[in-house]
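Me: I am new to this structure and would love a close look at one part of it. Could you pick the central strand region and walk me through what surrounds it?

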Amino acid sequence: MTGPRPEDLRASMADYVRNVHAAYLRVASTHPPAVQGGLELLVAPFTVVAAGARNLHVIATGQSLAVPRGQEVAWEQEQDGMEWTLRFLDPVVLPALAGAEGTEGANPAGVRRVIGVGSHHYHLVVRPGSDLTSHHATHAGTGLANAHLAAARDYEAIRAHAGGDAGLVDELAAADAAGLTSAHGLVACALAPWSDSVKAASRAGDRKEVRRALLTALRGDA
């Protein structure tokens, strides 16, 4: 009995990504244009890497990737004004992917390291087949949009309380959007050097908690 053809698997992944982005856009479009303009997925073309290791990793990034070579496949995609290039990577194209994850479970950072992606808009880990459904994609896209919108609201509030440090707030937001946790924590501590709560959240490496602790500190609530 033969398994699914590679082109069928790629088509399923492309449908999954389109459904993620459609759900994202449905949530984002309920907000004012200026809020939508702060969401990286809506303002510029980007790349989505579908990488097969022990799990399937779907990584959206604004970084430039080298042009496809050899057996690598890339598809140009457009939907409701969103534009992205879908790149397919597996151990045949990138042998290091075979060892990017151990037996303990998913290793998103390890997979990004092998691909060379340092900043990303999102990173989803899905199981082949069972997770590649429209329901799962809709849930993932909705969650991403709500998370990105919550961050946008937090940063607007942080800017309102940061005085003359708007440039640092822009750096903070950019580090968050890029997934640069250590840089995000360092900038947050620079914005509120007196706050033990910000320092603790930064050490824990949770960017959401860092944002919330920073906003509390700048408001003078704690």
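Reply: Happy to help; here is a walk from the whole chain to one strand, and then out to its surroundings.

Please keep in mind that this is a predicted model. The protein chain holds nine helices and five strands. Reading from the N terminus, the elements follow the order α-α-α-β-β-β-β-α-β-α-α-α-α-α. The C-alpha atoms fill a box of roughly 65 × 35 × 30 Å along the principal axes. For 222 residues, a compact globule would have a radius of gyration near 17 Å, and the 19 Å of the protein chain agrees with that. Of those 222 residues, 42% are buried. Among contacts with a separation of 6 or more, 59% link residues 24 or more positions apart.

Now to the sheet. Its five strands are arranged in the order E3-E4-E1-E2-E5, making an open sheet with mixed pairing. At the edges sit strand E3 (73-79) and E5, each of which pairs on one side only. On average, neighbouring strands are turned by 20 degrees against each other, direction ignored.

The part I would like to look at closely is strand E1, residues 46-52. E1 has E4 on one side and E2 on the other in the strand order. With E4, strand E1 pairs in the parallel sense over six bridges. Within E4, the residue opposite Thr-47 is Thr-85. With E2, the pairing of E1 is antiparallel, again over six bridges. There, Val-48 faces Ala-60 as its opposite number in E2. E1 and E2 are also joined by a hairpin of three residues.

How much of E1 is buried? Seven of its seven residues are. In a regular strand, side chains alternate between the two faces of the sheet. In E1, one side carries Phe-46, Val-48, Ala-50 and Gly-52, while the other carries Thr-47, Val-49 and Ala-51. These residues are all buried, so both faces of E1 are covered.

Moving one step outward, E2 is joined to E5 by five bridges, and these two strands run antiparallel. One pair in this stretch is Ile-59 with His-123, its bridge partner in E5. Helix H4 (residues 108-115) packs on the sheet and touches E1, E2, E4 and E5. The direction of H4 makes about 60 degrees with that of E2.

What else comes up against E1? A good place to look is the largest nonpolar core, which has 30 residues. In soluble globular proteins, nonpolar side chains tend to be buried together. Within this core, the residues touching the most other members are Tyr-16, Val-17, Val-48, Val-58 and Tyr-122. At least two core residues come from each of helix H1 (6-28), strand E1 (46-52), strand E2 (56-61), strand E4 (82-89), strand E5 (122-126) and helix H5 (134-161). H1 gives the most, with nine residues.

Two residues help to show how H1 meets the strand. Leaving aside neighbours within four places in sequence, Val-17 is in contact with Val-48, Val-58, Trp-84, Leu-86 and Tyr-122. The other residue is His-21, which lies in helix H1. Is His-21 buried or exposed? His-21 has a relative accessible area of 1%, so it counts as buried, the limit being under 20%. With the same neighbours left out, its contacts include Phe-46 and Val-48, along with Gln-79, Met-82, Trp-84 and Tyr-122.

Helix H5, which also supplies this core, deserves a short visit. H5 has 28 residues and reaches 41 Å from its first C-alpha to its last, close to the 40 Å expected. Gly-163 follows H5 and has a positive phi, near 65 degrees. Within H5 we find His-136, which is partly exposed at 22% relative accessibility. Apart from neighbours within four places in sequence, His-136 is in contact with Tyr-16, Val-126 and Asp-131. His-136 and Asn-19 are 117 residues apart in sequence, and their C-alpha atoms are 9.0 Å apart in space.

To return to where we began, E1 pairs with E4 and with E2, H4 touches it, and its Val-48 is in contact with both Val-17 and His-21.

Conventions:
Residues numbered from 1 in each chain as written. Predicted model: local features only at pLDDT ≥ 70, side-chain atom pairs only at ≥ 80, totals over all residues. Heavy atoms only, no water. Core = buried A, V, L, I, M, F, W, Y, C linked by side-chain atoms within 4.5 Å. Buried < 20%, exposed > 50% of the residue type's maximum accessible area, 1.4 Å probe, protein only. Helix = DSSP H or I, 4+ residues; strand = E, 2+ residues; numbered from the N terminus. Contact = heavy atoms within 4.5 Å. Pairing = 2+ DSSP bridges. Axes fitted to C-alpha atoms, helices over the stretch in contact; angles between N-to-C directions. Expected span 1.5 Å × (residues − 1). Rg over C-alpha atoms; globule rule 2.2 N^0.38 Å.
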